[in-house]
Amino acid sequence: MENRNGQALTVLPVPMEAMRSLIETRKDLVVKIGNNYEISRPLALELWKLFVQEILKHGGSIKESTKVEYASTEMVIVSLSCTIRVGESEVSFTEIGEAYAKEKGKEDTLARTAYTRAMKRLLERIAGEDFINRVILSLFPNAKEVPATDRQKELIKRLVKEGRITKEMVEETLGQGFNLNQALKENKLTYAQAKNLLDKALGR
């Protein structure tokens, strides 16, 4: 394990099958917010508990920290960070979650919803794949994947213009023949796809 996010993904002990099984078993804890299905706070905490137990089983440790980056009556942004140590190696991750008052279907406060989203993204970052959304889509075939945010799309366009996102990088990250310009133009780029591409381009 190296002290860089990308190098750590292949060796962290992540209980993927147990996590998938938990989501499928506790389908009742997947909630619909607007047009999308998302894991609830209780399910996110259970998934995190599974991961922490696996790290502890391997003699490691995890330190977590949460920070409210922005808060108003209309929107809350929360960052969730964790530092994982196994043996002599250590790696850190940080993810952002946001929640908006205009969204329909939320039972928790904006801060709790933002925290849950940050934890979901953190789990997927650690696991190295968009596994939570994939399981949800298998449980709810009619569910829509969360679209890329305006901020993500603006950053991607800027990096393409600067030459930091190339066609080769897009195909390596999103699949052979993937048309980024068309996906951006038709608003078909998902949050997960945009995140994976930005992580690759920015070396996160």
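## Confidence

The pLDDT of the protein chain averages 82, and 88% of the residues score at least 70. The model is predicted, and confidence varies along the chain: the highest mean, 93, belongs to β3, while the lowest, 40, belongs to helix α1 (residues 5-8). Residues 1-10 have a pLDDT below 50, although this stretch has 26 contacts in the model beyond near neighbours in sequence. Where pLDDT is low, predicted coordinates should not be read in detail.

## The sheet

Three strands form an open sheet in the order β3-β4-β5, and their pairing is antiparallel. The edges are β3 (61-71) and β5, each of which pairs on one side only. From one strand to the next, the twist averages 15°.

Strands of a sheet pair through backbone hydrogen bonds, either parallel or antiparallel. Here β4 and β5 run antiparallel and are joined by 12 bridges. Two positions show the register: Ser-81 has Thr-94 of β5 as its bridge partner, and Val-78 has Gly-97 of β5. The hairpin made by β4 and β5 has 2 residues between the strands, and in this hairpin Gly-87 takes a positive phi near 65°.

## Helices on the sheet

Two helices are described here in terms of their packing on the strands. The hairpin strands β4 and β5, with their 12 bridges, are both touched by helix α4 (residues 110-127), which packs on the sheet and also touches β3. The direction of α4 makes about 140° with that of β5.

Helix α3 (residues 41-57) packs on the sheet as well, touching β3 and β4. Its direction makes about 145° with that of β3.

## The second largest pocket

The second largest pocket holds about 580 Å³ of space. Its lining has 19 residues, and those closest to the centre are Ile-96, Glu-98, Arg-151, Gln-152 and Tyr-191. By class, the lining consists of 9 charged, 7 nonpolar and 3 polar residues.

Both strands of the hairpin take part in this lining: β4 (75-86) and β5 (89-100) each supply at least two residues, as do the helices α6 (150-161) and α9 (191-202). The largest share comes from β5, with 5 residues. Strand β5 is thus an edge strand of the sheet as well as a contributor to the pocket lining.

Note on methods. Residues are numbered from 1 along each chain as its sequence is written. This is a predicted model: local features need pLDDT of at least 70, side-chain atom pairs count only at pLDDT 80 or more; totals for chains, interfaces and linings use all residues. Side-chain values use heavy atoms; hydrogens and water are left out. On a 1 Å grid over the protein atoms alone, a cavity is a set of points where a 1.4 Å probe fits but cannot get out, and a pocket is an open set with protein on both sides within 12 Å along at least five of seven lines; lining residues have an atom within 4 Å of a point. Grid points are joined across faces, edges and corners, and a volume is the space filled by probe spheres set on the points. Helices (H or I, at least four residues) and strands (E, at least two) are DSSP runs, numbered from the N terminus. Ala, Val, Leu, Ile, Met, Phe, Trp, Tyr, Cys and Pro count as nonpolar, Asp, Glu, Lys and Arg as charged, and the others, Gly among them, as polar. Two strands pair if DSSP finds at least two bridges between them. Axes are lines fitted to C-alpha atoms, for helices over the stretch in contact, and angles run from 0 to 180 degrees between N-to-C directions. Contact means heavy atoms within 4.5 Å. pLDDT is the predictor's confidence in each residue, from 0 to 100.
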